[in-house]
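Student: I should like a close look at a single part of this protein chain, set in the context of the overall fold. Please give one connected account.

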Amino acid sequence: MDKKTIVHGMQALSLVDPDVKRALLAVGPPETRMHSSGFEAFLFTIVSQQLSTKVAMVIMPRLVSLMKTITPERLIEIDAQSLRDIGLSYRKIEYAKGLSGAVLSGSFDINGL
């Protein structure tokens with residue numbers, strides 16, 4: 001969401017919820033959090049699932065550095081041990097490789113969503 005949408009939504013919520021109104025007046029609207037789209041967004045979701053934001057923000061740049069270009073083709077080429085070495089669990093590697101395979105086979109059309 002962009003800043004304008006967040007402010008509009010918070011103002012609408014503050015009309016019906018006094019706690020939201022007090023919080024909005026005290027601290028202002030939340031910051032925008034723009035994430036990537038497409039394959040990178042799904043990959044980040046897998047990496048960050050069940051992790052603190054702080055940990056995910058450490059692992060993701062390692063993954064980006066390992067991949068050079070964030071594509072399903074590139075991820076599928078990276079061996080599991082290299083992915084383990086940057087902090088991914090075997091289950092996350094399985095999910096990430098599964099995502100890559102599904103995109104490459106055409107069974108999952110991210111851009112068609």
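**Helix α7 and its surroundings**

Tutor: In this predicted model, the elements of the protein chain, read from the N terminus, run α-α-α-α-α-α-α. The radius of gyration is 18 Å, well over the 13 Å that the globule rule gives for 113 residues, so the chain is more spread out than a compact globule. The count is seven helices and zero strands. Along the principal axes, the C-alpha atoms fill a box of roughly 50 × 30 × 20 Å.

Some totals for the chain set the background. Buried residues account for 28% of the 113 residues. The accessible surface comes to about 7700 Å², and carbon and sulfur atoms hold 58% of that area. Of the contacts between residues at least 6 apart in sequence, 49% join residues at least 24 apart. The chain carries 13 positive and 11 negative charges, and the mean positions of these two sets lie 7 Å apart.

The part chosen for the close look is helix α7, which spans residues 90-105 and contains K97. K97 is buried, yet this lysine has no salt bridge. The nearest side chain of opposite charge belongs to D79, at a distance of 7.4 Å, whereas a salt bridge requires a side-chain nitrogen within 4 Å of a carboxyl oxygen. Leaving aside residues up to four places away in sequence, K97 touches L75, I76, E77, I78, D79 and L83. D79 thus appears both as a contact of K97 and as the residue with the nearest side chain of opposite charge.

A102 also lies in helix α7. Its relative accessible area is 19%; because buried means under 20%, A102 is classed as buried. With residues up to four places away in sequence again left out, A102 touches S107 and F108.

A residue outside the helix offers a point of reference. A102 and K68 are 34 residues apart in sequence, and their C-alpha atoms are 21 Å apart in space. K68 is placed in the loop between α4 (53-67) and α5 (72-77). With a relative accessible area of 67%, K68 is exposed, whereas K97 is buried. The backbone of K68 also deserves attention. Most residues other than glycine have a negative phi. K68, although not a glycine, has a positive phi of about 70 degrees.

Note on methods:
Residues are numbered from 1 along each chain as its sequence is written. This is a predicted model: local features need pLDDT of at least 70, side-chain atom pairs count only at pLDDT 80 or more; totals for chains, interfaces and linings use all residues. Side-chain values use heavy atoms; hydrogens and water are left out. Helices (H or I, at least four residues) and strands (E, at least two) are DSSP runs, numbered from the N terminus. The radius of gyration is taken over C-alpha atoms; the globule rule is 2.2 Å times the number of residues to the power 0.38. Buried means under 20% relative accessible area, exposed over 50%, partly exposed in between (1.4 Å probe, protein chains only). Contact means heavy atoms within 4.5 Å. Accessible areas come from the Shrake-Rupley method with a 1.4 Å probe; for residues, only the protein chains shown count as cover. Lys and Arg count as positive and Asp and Glu as negative; His and the chain ends are not counted. The place of a charge is taken as NZ of Lys, CZ of Arg, CG of Asp or CD of Glu.
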